[in-house]
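Welcome! Here is a short tour of a protein fold, written for someone meeting one up close. Have a look at the picture before reading on.

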Amino acid sequence: VTVNDLTGLTADFTWAFGENHGGGFRWQIGTPNGNIMVDYGDASASLQGGTAGSGTNMVNSALATENRCESNQVGGTLYTPWSYVVTNYGNLPVTYVGLVVDGGWGSGPLGTSDQVINLTDATVTYNGGTSTFTWPGAVTTTGNSTPAYIYVAKVSSSTPPQQIDESLITSTQGDTGGQFRQVDGMYMYNFPVSQLPDLTGTYQFGIMLGSSSATPAGPVALSIK
């Protein structure tokens, strides 16, 4: 596959924190001569700011005509349309294609290094094929293992624990819907405690076997540091 063979670079995502800055969220195309980058962000502001681009083909759309490509590593220049890359470096072989987040030097709502993206999928299309990476993968079971669901409740000294609606929590690790993944016979769930409604409170975490309405087994009370 050569650079000229690439027909689609598309990702479906949302921003959990921060925004585009410094070309830090981008497609990166590896070649033997160096990397070629296709940056998300506001091209009219030198790619500083903006959160758009989800679901957009970055090499075959209106965004592809903007000055957001970097080919200086292979002998080109900064901030050109995709057509410049194809015309000048289309014959370079592609060694890999990656989706990169690393613009941590820019400003964000939680500090200077905030740049967190929830990725649903990333698709590369090229003459002869398509490759799609989906995050997270589908929930799978091992053998006849019992499905399990996460239980999270805020603890109050005066009232029964108030269960948290997990569906309202945006998981920065990709786990949503409350059901544990089963990997190599183990239950796994990444819960973003930073998004709990009261970080000064105490919470119970447990596991509900067989049903999301089952009585939680052995809930453990934890405080958030």
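A nonpolar core is a set of buried Ala, Val, Leu, Ile, Met, Phe, Trp, Tyr and Cys residues joined through side-chain atoms within 4.5 Å. Keep that idea in mind as you explore this model, which is predicted. In its largest nonpolar core there are 25 residues, and V3, W27, I29, V38 and W82 have the most contacts inside it.

**Who builds the core**

- At least two residues of this core come from each of β1 (6–17), β2, β3, α1 and β6 (116–126).
- The biggest giver is β1, with 5 residues.
- Try finding V3: leaving aside residues up to four places away in sequence, V3 touches I29, T31, I36, W82, V85, Y89, G90, L92 and V94.
- Another core, of 10 residues, lies apart from the largest one, and its members include V152, Y189, Y203 and F205.

**The open sheet**

- Now follow the order β4-β3-β2-β5: these 4 strands make an open sheet with antiparallel pairing.
- β4 (69–70) and β5 (96–101) are the edge strands; each has a single partner strand, so one side of each has no neighbour in the sheet.
- Helix α1 (residues 82–89) lies across β2, β3 (34–39) and β4, and runs at about 160 degrees to β3.

**Strand β2 and its partners**

- Strand β2 covers residues 25–31 and pairs with β5 in the antiparallel sense, over 6 bridges.
- Two places to look for that pairing are F25, whose bridge partner in β5 is V101, and G30, which stands opposite Y96 in β5.
- β2 and β3 also run antiparallel, joined by 6 bridges.
- These two strands, β2 and β3, form a hairpin, with 2 residues between them.
- T31 of β2 stands opposite G34 in β3.

**Two faces of β2**

- Which way do the side chains of a regular strand go? They alternate between the two faces of the sheet.
- In β2, F25, W27, I29 and T31 point one way, while R26, Q28 and G30 point the other way.
- How many residues of β2 are buried? The count is 7 of its 7 residues, so to speak a strand that is mostly covered.
- Buried here stands for under 20% relative accessible area, and the residues on both sides of β2 meet that mark.
- W27 and I29, which point one way from β2, are also among the residues with the most contacts inside the largest core.

Note on methods
Residues numbered from 1 in each chain as written. Predicted model: local features only at pLDDT ≥ 70, side-chain atom pairs only at ≥ 80, totals over all residues. Heavy atoms only, no water. Pairing = 2+ DSSP bridges. Contact = heavy atoms within 4.5 Å. Axes fitted to C-alpha atoms, helices over the stretch in contact; angles between N-to-C directions. Buried < 20%, exposed > 50% of the residue type's maximum accessible area, 1.4 Å probe, protein only.
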